[in-house]
Amino acid sequence: MRILIVEDEHRLGELVAKGLREEGLAADLAATRARARELMIENPYDLILLDLMLPDGDGLSLLRQMRGEARTAQLPVVIVSGEKTAAAEREVASLDVEDWLLKPIDGERLVRAVRHVAGRNPAGRPRVLHVEDDAD
């Protein structure tokens, strides 16, 4: 599973990326909307962790843009933000996000959100591995 962390607080982004990598996940870090767009074009991601306050614009506009494009319209997103306003919450509700985590990040809740997404295939169904040694 490959995750894009869109976070302008470098230390926090690196800490989250390190934790995800320790869980065996691939994680890339973008500090700006522009860099996030570049990485989404270059790489396929299974999940985006998105901060709403970025130096070159807000994360909500990036999320709206993603939802308007076929290849990222269904890409799972977890919001990671320092605050949760009623207006932002209403808008996010219409943009289909997996979860909204407030800073400071609760590591256990982050892992649960990531595992929830990891447990689904693109169709949104649980993945099942069936191992059978009987030839028939």
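Is helix α3 largely enclosed by the rest of the structure, or largely open? In this predicted model, seven of the nine residues of α3 are buried, so the helix is largely enclosed by the rest of the structure. The buried residues are Gly59, Leu60, Ser61, Leu62, Leu63, Met66 and Arg67, and they pack against α2, β3, β4 (53-54), β5 (57-58), β6 and α4.

To place this helix in its setting, one may turn to the chain as a whole. The protein chain holds five helices and seven strands, which follow one another from the N terminus in the order β-α-β-α-β-β-β-α-β-α-β-α. For 136 residues a compact globule would have a radius of gyration near 14 Å, and the value of 16 Å for the protein chain agrees with this. The C-alpha trace spans about 60 × 30 × 30 Å along its principal axes. Of the contacts with a separation of 6 or more, 55% are accounted for by residues 24 or more positions apart, while buried residues make up 39% of the 136 residues.

The outer side of the chain can be described in similar terms. Its accessible surface comes to about 8,200 Å², and 51% of this belongs to carbon and sulfur atoms. The chain carries 19 positive and 26 negative charges, and the mean positions of the two sets are 4 Å apart.

The interior brings us back to α3. In soluble globular proteins, nonpolar side chains tend to be buried together. Here the largest nonpolar core has 22 residues, among which Leu4, Met40, Ile48, Leu50 and Ile79 touch the most other members. Two or more residues of this core come from each of β1 (2-6), α2 (33-42), β3 (47-51), α3 (59-67), β6 (77-81) and α4 (86-93), and the largest share, four residues, comes from α3. Leucine 50 shows some of these relations at the level of a single residue: leaving out residues up to four places away in sequence, it touches Val6, Gly59, Leu62, Leu63, Val77, Val78, Ile79 and Val80. A second, separate core of 17 residues includes Leu47, Leu49, Leu101 and Leu110.

Leucine 47, one of the members of that second core, lies in strand β3 and counts as buried because its relative accessibility is 0%. When neighbours within four places in sequence are set aside, leucine 47 is in contact with Met1, Arg2, Ile3, Leu4, Leu75, Pro76, Val77, Val78, Val114 and Val117. Its C-alpha atom is 6.9 Å from that of arginine 2, although the two residues are 45 residues apart in sequence.

A contrasting case is alanine 118, which is found in helix α5 (residues 107-118) and is partly exposed, with a relative accessible area of 30%. Between alanine 118 and glycine 24 the C-alpha to C-alpha distance is 12 Å, with 94 residues separating them in sequence.

Two details of the backbone remain, and both belong to loops on either side of β7. Aspartate 96, in the loop between α4 and β7, has a positive phi of about 55° although it is not a glycine. Proline 104 has its place in the loop between β7 (99-102) and α5, and the peptide bond that leads to it from lysine 103 is cis, with omega near -5°.

Technical notes: Residues numbered from 1 in each chain as written. Predicted model: local features only at pLDDT ≥ 70, side-chain atom pairs only at ≥ 80, totals over all residues. Heavy atoms only, no water. Rg over C-alpha atoms; globule rule 2.2 N^0.38 Å. Buried < 20%, exposed > 50% of the residue type's maximum accessible area, 1.4 Å probe, protein only. Contact = heavy atoms within 4.5 Å. Areas by Shrake-Rupley, 256 points an atom, 1.4 Å probe, with all protein chains shown as cover. Lys, Arg positive; Asp, Glu negative; His and termini not counted. Charge placed at Lys NZ, Arg CZ, Asp CG, Glu CD. Core = buried A, V, L, I, M, F, W, Y, C linked by side-chain atoms within 4.5 Å.
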